[in-house]
Amino acid sequence: MKDKGETKLSSLLSFLPSQAFVVSHDWGAIVGWYLCLFRPERIIALASLSVYYIPYNPASSFLQFIRATHGENYYICKFQVHKQCKTK
């Protein structure tokens, strides 16, 4: 049985041609990195804008890494709590 991540990746890949040049931005950059990592045969090249590469670590999640390096006030962490990201 496929896990949720594999199912979502399969769904995303169904929209791409057999090979693609991927341009990703912000949260989409993470998707672009993982496409290159887990389906390199499908990606010709990747242009990732505004977010630096964070190596895949199966021992912790991307969000755990962000919290540890940037703290709870980083915008990505704030989006994890409903309505917390609204400006005052």
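Let's start at Phe 21, which sits in strand 1. Keep in mind as you look around that this is a predicted model. Is Phe 21 buried or exposed? Its relative accessibility is 53%, so Phe 21 counts as exposed, the cut-off for that label being over 50%. Phe 21 also has company out there: together with Val 23, Ile 44 and Leu 49 it forms a nonpolar patch on the surface. The accessible area of these four residues together is about 420 Å². Two elements build the patch, since strand 1 (20-25) and strand 2 (43-49) each put in at least two of its residues.

Now step back and look at the whole chain. There are four helices and two strands in it, and reading along the sequence gives you the pattern α-β-α-β-α-α. The chain has 88 residues, and 22% of them are buried. Its accessible surface adds up to about 6500 Å², with carbon and sulfur atoms holding 61% of that. What about contacts between parts of the chain that lie well apart in sequence? If you take the contacts with a separation of 6 or more, 38% of them link residues 24 or more positions apart.

Back to strand 1, where you'll also find Ser 24. Here the picture is quite unlike that of Phe 21. Ser 24 has a relative accessibility of 5%, so it counts as buried; anything under 20% gets that label. What does Ser 24 touch, once residues up to four places away in sequence are set aside? The list is Ala 29, Gly 32, Leu 46, Ala 47, Ser 48 and Leu 49. You've met one of these already, because Leu 49 is part of the surface patch.

Another name on that list, Ser 48, is worth following. Ser 48 belongs to strand 2, and with a relative accessible area of 28% it is partly exposed. Beyond its neighbours up to four places away, Ser 48 touches Ser 24, Ala 29 and Trp 33. With Trp 33 there is something extra: a polar contact of 3.3 Å joins the two side chains. You can also check Ser 48 against Asp 26, which is 22 residues away along the chain; their C-alpha atoms are 8.1 Å apart.

Trp 33 takes us inside. Not counting neighbours within four places in sequence, it is in contact with Leu 46, Ser 48, Val 51, Tyr 52, Tyr 53, Ile 54 and Phe 62. Trp 33 is also one of the 10 residues of the largest nonpolar core, and its fellow members are Ala 29, Ile 30, Val 51, Ile 54, Phe 62, Leu 63, Ile 66, Ile 76 and Cys 77. Which helices supply at least two residues each to this core? They are helix 2 (27-38), helix 3 and helix 4. Apart from this core lies another one, made of six residues, including Leu 9, Leu 13, Val 22 and Leu 35.

For the last stop, head to the loop between helix 3 (62-70) and helix 4 (75-78), where Glu 72 is found. Glu 72 has a relative accessibility of 48%, so it counts as partly exposed. Setting aside residues up to four places away, Glu 72 touches Arg 67, Cys 77 and Lys 78. One of those, Cys 77, is a member of the largest nonpolar core. With Arg 67, the side chain of Glu 72 forms a salt bridge, at 3.0 Å from N to O. The pair also appears as a polar contact of 3.0 Å between side chains. Arg 67 is partly exposed too, because its relative accessibility is 33%. How many salt bridges does the count come to? The count is one.

Technical notes
Residues are numbered from 1 along each chain as its sequence is written. This is a predicted model: local features need pLDDT of at least 70, side-chain atom pairs count only at pLDDT 80 or more; totals for chains, interfaces and linings use all residues. Side-chain values use heavy atoms; hydrogens and water are left out. Patches are made of residues with over 30% relative accessible area and no salt bridge: like charges are joined within 9 Å, nonpolar side chains (Val, Leu, Ile, Met, Phe, Trp, Tyr) within 5 Å. Accessible areas come from the Shrake-Rupley method with a 1.4 Å probe; for residues, only the protein chains shown count as cover. Buried means under 20% relative accessible area, exposed over 50%, partly exposed in between (1.4 Å probe, protein chains only). Contact means heavy atoms within 4.5 Å. A polar contact is a pair of N or O atoms within 3.5 Å; within protein, one must be able to donate a hydrogen and the other to accept it, and residues adjacent in sequence count only if both atoms are side-chain atoms. A nonpolar core is a set of buried Ala, Val, Leu, Ile, Met, Phe, Trp, Tyr and Cys residues joined through side-chain atoms within 4.5 Å.
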